[in-house]
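Visitor: Could you walk me through this one? I'd like to hear the reasoning behind the labels.

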Amino acid sequence: MLPKKAKNRYSLTIATFETIIGLEVHAQMNTQTKMFCGCSNDAFGKEANTLVCPVCMGHPGTLPVINGKAVEKAIRASLALKCEIQKNNHMSRKNYFYPDLPTGYQISQYDFPLALKGTVQYEVNGEKKSCGLTRLHMENDAGKLMHRGDVSLVDYNRAGTPLMEIVTDPDLRSAEEASAFVQELRRILIAVDSSEADMFKGMMRFDASVSLRPVGDKKLYPRVEIKNLNSFKALEKAIAYEQKRLTKLWEKGEQPKSEVTVGWLDDEEKTVILREKESAADYRYFPEPDIPPLQFDDASLEKFRAAIELPQEKKNRYVSLGLNEAEAMLLIEQTELQSLFDAVYEKTNDAKRTSSLILTQLIGFLKAANKSIEEAPKKESILELITITDAGTISGNQSKQVLEKMIQTGKSAAEIVKEEGMEQISDTSALEAIVQKALEANTASVEAYKGGKQAALGAIVGWIMKETKGQANPAKVNELLKEQLG
Ligand code: ZN
Ligand code: MN
């Protein structure tokens, strides 16, 4: 029998592993035009090779001009991600040949990127976590290759689209954390209007670096880089797949000895080896000679910083107005809904009323009509409905009916009120107030009526009709007056 001590020592050699994940995120910026030319940046769904010009096609003698709006959007994103902006930075040329890159190089940033050292706070199952960011830099996208049997086709519409590349520190420990992190990152980029970040349109793409190490070990081991993941699901599945595969290798003592690049096959749910990773030296980076260095001053950066409201801050603001967490999250996830809510709240300064109108009535009527938020009435139309309601033209109840009809028909509030003949005041509580006023203002007629002169009632009704510009419902007015006068 082995002595007890030796047995324990043996059991200690069965190591468990920790997964280390870092991400590279490419997010397209939602500018009107491309990064270095005047071509439209709205490539999705357009006929191939229709949004191109000599600059983005890399013709000799053309010169790129940097898109100022793209730089602003990248600055806003950097500040929202708590990065340090490098006040002096410049573009660099990254040389490589690829069929969808007509210039033969990408204009990117290398040794002096726009921003360094950021942080993203995010939540996994209610637990607060934080992920560091190494850098954020600007660059242009390449075109798109399409493979059809034996031939490959290329569409250059996307060549030159402005991109932000955001690189994280190796702070993530599981597929779940990586997924929660990118979802918060996406919310932040949308909140500061830097990217539409529409996953379906490929506006946000991820590369994930995964490596393992024995628990307690401090150093990092050669990583596997998974390229071009296009959805949260693909990101999660690919990381989980590599985590499992690497665990098996480590257990056999055959862990990767150098860095490897792999691709994710969505249909087969596995990775394939693409190549051994290039090193930076292979790209022959040098400062881009065609674009002057960028310089920012503190005052303009401060202006950008002051205008930023992070999704979490927004959420807290909505909760402080009395919304619950789920309602606040709904507004943050759906920017159209959020802008309607904000507009109504700005007008009414009444959170309860805003919440009832937008989160209860509007959403309810949209659902009933089987319509999406994109098909909701425009902001101006909803504000008009409020104006009409507040003016007393229609009652609160009628206002609800009008909203429902607005959603069903797409007509404006004023049109519906007119068509339905709602201008007349039929609301009992509104009429009661007017009747009260009429009784006080027409004491002589009141006395006459009480004295048996039936015709005196007509005089009071006439006064009310004049006062309401003919909008009071006469039948109801008569009814209410008789009630009051016994
Ligand atoms: Zn162009
Ligand atoms: Mn890149």
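Visitor: What makes E18, R173 and R213 a network?
Guide: Salt bridges link E18, R173 and R213; a salt bridge is a side-chain nitrogen of Lys or Arg within 4 Å of a carboxyl oxygen of Asp or Glu. By this rule the count comes to 29. This is a predicted model, where local features need pLDDT of at least 70, side-chain atom pairs count only at pLDDT 80 or more, and totals for chains, interfaces and linings use all residues. Side-chain values use heavy atoms, without hydrogens and water, residues are numbered from 1 along each chain as its sequence is written, and chains are lettered from A and ligands numbered from 1 in the order in which they are written.

Visitor: Why do R205 and D141 count as a salt bridge?
Guide: Their side chains meet at 3.0 Å, N to O, and the cut-off is 4 Å, so the pair qualifies.

Visitor: And why is D141 called buried?
Guide: Buried means under 20% relative accessible area (exposed is over 50%, partly exposed in between; 1.4 Å probe, protein chains only). D141 has 5%, so it is buried, and R205 at 11% is buried too.

Visitor: What makes the zinc ion (ligand 1) arrangement tetrahedral?
Guide: Its protein donors (N, O and S atoms within 2.8 Å of the metal, 3.2 Å for Na, K and Ca) are the SG atoms of C37, C39, C53 and C56, at 2.3 to 2.4 Å. Four donors count as tetrahedral if all angles lie between 85 and 135 degrees; here they run from 100 to 114°, so the label fits.

Definitions and conventions: Tetrahedral: all angles 85-135°; square planar, octahedral: opposite > 155°, others 65-115°.
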